[in-house]
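Colleague: Could you take me through one part of this model in detail? I'd like a close look at the place where the two chains meet, and then whatever you can say about what sits behind it.

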Amino acid sequence: MMRFDSFIFTSAGGREVNEDHAGSGKLPDGEIFIVADGLGGHTCGDVASDCIVRSMLEAPQPDGSVPPEKWLEDTINAANAKLAELRAAQNKSMKSTVAALAVTGGRAYWANVGDSRVYYFHRNDIEAITEDHSVAFKKFRSGEISRDMIGKDEDQSGLLRSLGGNDRNTPDVGCSGHAVESGDAFVLCSDGVWEYVRDEEFLIDLLKSSSAAEWADYVLMRLMERLPSNNDNLSLITVRVL
Amino acid sequence: MSQIINQNILRVSDNTVVRPENSAAVRKGVPESNEPRMLRYQVANLQGIGTCPRQEDSFAFVNALGGEQAVRNGMMAILADGMGGMSGGKEASETAISTIKTDFQDYDPNGNIPDQLAASAVRADKIIYDMLGGNGGCTLAACLFLRNKMYFVSEGDSFIYLLRNGRLFRLNHEFNIVHESYLEAIHNRTVSAKSVVHRPDDEALTHFIGDGSGAAPERLVRPMDLYVGDIVMLCSDGVGDFVTENQVIEALGKKSTDEMCAELDRCINEGAEGKYRDNYTALIVKCTY
């Protein structure tokens, strides 16, 4: 039975309302972890992100009838449909990102829509990071800006995909491709975290930590050194495979 | 049925350092040996008294010249900054260095390195506390380089940096009042610049070697892999607080470790006549073959 040490942190940051939500739940021989960032500029961002996280945690468990990555994709699509229903019922624009990690059957599966991220750390290295669906990330991919500048770019808030709309909401899905091992680790976070913490710094702080909570403390201390006065909401989930 | 794509996986190694020659990423054909090629280390140090009446920083390299000892037991770089304004700063820093060096002779390189390093720091803490009665102490930054990996312990406000591919990373954090405030804000879930009230004594240390607390130092619980081209710098706050990170990047970008030290020295002292300068010490370790 796979065991995890995980820590969930979410905060309004320098804003009045926290429009992020984060949560976790059990899966067959595993767990699911979810971060959702309600889009500011759209009313009810907090309602949107809450809807996504709740829907995914309340979704039917994977039963082996479809591959786990398909289950994860379907679960996100179903959450998107629920958000669309809510939006129509309240006649309000509601949009959210999502970053989700499902560890089940000994493997890890992740998915994202928008610019919340999943990081996978394997054998003391960064194995994989999800790609943002944003204009700034496209500029990085084209070589116009460096990776370190994605969070500082003027187009950083320009998303190319999000949940809650009729289109441009397709999740990207990935998997570990191999069995998850003891010592493996994951981070899920909204842009309010990764804007201020570089990829390698998540790894450095993992290598210093004996628990998921300690790992989060180290990461958040870096954040505190770098924050502007009105910093965004932030959500962080650290997961260590025991 | 929608196609599952893996295009979202970003391989960070696409734009990172050259890895040791026999790593899976760059291996070609069948290697003659399964033994990894061992890194060698070019080292240099910089030290100055600043405008202080005496030098209270201490440092040491152990096994820096390489050889069988270095291959078997590793190489150490150790730095301690005696606390000014308290008694016995120089005595404290020298004692911390000698304690770590002595313990290192008995380390088991196949044992738990993080635990051994932490135990040495705790032992130094007790010795200095007994020596000075809690009225003095020092910082500590100690790095062990073994089999292409690095371990460290740290306490106080000295700096441990890694320069990799032109990008600078601070490896350790500071044990001072402002960082305690950060931790308190984090635990209160108020992560914003407004949640911390800055005080004149923000930089005062909350933990140091000699405070008698026996508290575990900060350390790498798992080692960090090192690659050719990596540069590790340990320095006292007389460097870290007086030189910007961009200046550090520029200095560590020089060709030789001696030139790196010369550039750091220039950054600290140029145009600083008449201004306060702390004792300053930097230890530079460049990874090469």
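Modeller: Sure, and keep in mind that this is a predicted model. Let's begin with one pair that bridges the two chains: the side chains of B:R167 and A:D148 come together in a salt bridge, 2.7 Å from N to O. Between chain A and chain B the count of salt bridges is 3. Polar contacts add to the picture, with 16 residue pairs found across the interface, both partners at pLDDT 80 or more.

Which parts of chain A supply the side that touches chain B? At least two residues each come from the strands β1 (4-11), β5 (107-113), β7 (125-129) and β8 (172-175), and from the helices α2 (68-90), α3 (135-141), α5 (199-207) and α6 (212-226). The largest share is that of α6(A), with 8 residues. By residue type, that side of chain A divides into 22 nonpolar, 17 charged and 13 polar residues.

As for the overall extent, 52 residues of chain A are in contact with 43 residues of chain B. The two chains bury about 4,100 Å² between them, and 53% of that is on carbon and sulfur atoms. Three residues stand out here: A:L207, A:M221 and A:M224 supply 17% of the area that chain A buries against chain B, more than any other three residues.

Now for what is packed inside. In soluble globular proteins, nonpolar side chains tend to be buried together. In this model the largest nonpolar core has 61 residues, and those with the most contacts inside it are A:F121, A:F202, B:F145 and B:V232. Helix α6(A) turns up again, giving the most to this core with 8 residues. On the chain B side, B:V232 touches B:F145 as well as B:C143, B:M150, B:I160, B:Y161 and B:L162, and also B:L226, B:L283, B:I284 and B:V285, leaving aside residues up to four places away in sequence.

Back in chain A, strand β5 is worth a stop, with A:Y109 placed in it. A:Y109 has a relative accessible area of 8%, so it counts as buried, the cut-off being under 20%. Beyond its sequence neighbours up to four places away, A:Y109 touches several residues, among them A:P68, A:E69, A:L72, A:G174 and A:C175. Its C-alpha atom is 9.4 Å from that of A:I32, 77 residues apart along the chain.

Strand β6 (residues 117-122) of chain A holds A:V118. Is A:V118 buried or exposed? At 2% relative accessibility, A:V118 is buried. The residues that A:V118 touches include A:A99, A:A100, A:W110, A:A111, A:V187 and A:L188. A:V118 and A:I237 are 119 residues apart along the chain, with 9.4 Å between their C-alpha atoms.

A loop residue makes a good contrast in setting: A:D232 lies between α6 and β10 (234-241) of chain A. A:D232 still counts as buried, because its relative accessibility is 18% and the limit is under 20%. Its contacts, apart from residues up to four places away in sequence, are with A:A12, A:G13, A:G14, A:R15, A:D191 and A:G192.

Finally, a word on chain B as a whole. It has 7 helices and 11 strands, and 52% of its 289 residues count as buried. Among contacts in chain B between residues at least 6 apart in sequence, 73% join residues at least 24 apart.

How values were computed
Residues are numbered from 1 along each chain as its sequence is written. Chains are lettered from A and ligands numbered from 1 in the order in which they are written. This is a predicted model: local features need pLDDT of at least 70, side-chain atom pairs count only at pLDDT 80 or more; totals for chains, interfaces and linings use all residues. Side-chain values use heavy atoms; hydrogens and water are left out. Contact means heavy atoms within 4.5 Å. Buried area is the accessible area (1.4 Å probe) that two parts lose on being put together, summed over both. A salt bridge is a side-chain nitrogen of Lys or Arg within 4 Å of a carboxyl oxygen of Asp or Glu. A polar contact is a pair of N or O atoms within 3.5 Å; within protein, one must be able to donate a hydrogen and the other to accept it, and residues adjacent in sequence count only if both atoms are side-chain atoms. Helices (H or I, at least four residues) and strands (E, at least two) are DSSP runs, numbered from the N terminus. Ala, Val, Leu, Ile, Met, Phe, Trp, Tyr, Cys and Pro count as nonpolar, Asp, Glu, Lys and Arg as charged, and the others, Gly among them, as polar. Buried means under 20% relative accessible area, exposed over 50%, partly exposed in between (1.4 Å probe, protein chains only). A nonpolar core is a set of buried Ala, Val, Leu, Ile, Met, Phe, Trp, Tyr and Cys residues joined through side-chain atoms within 4.5 Å.
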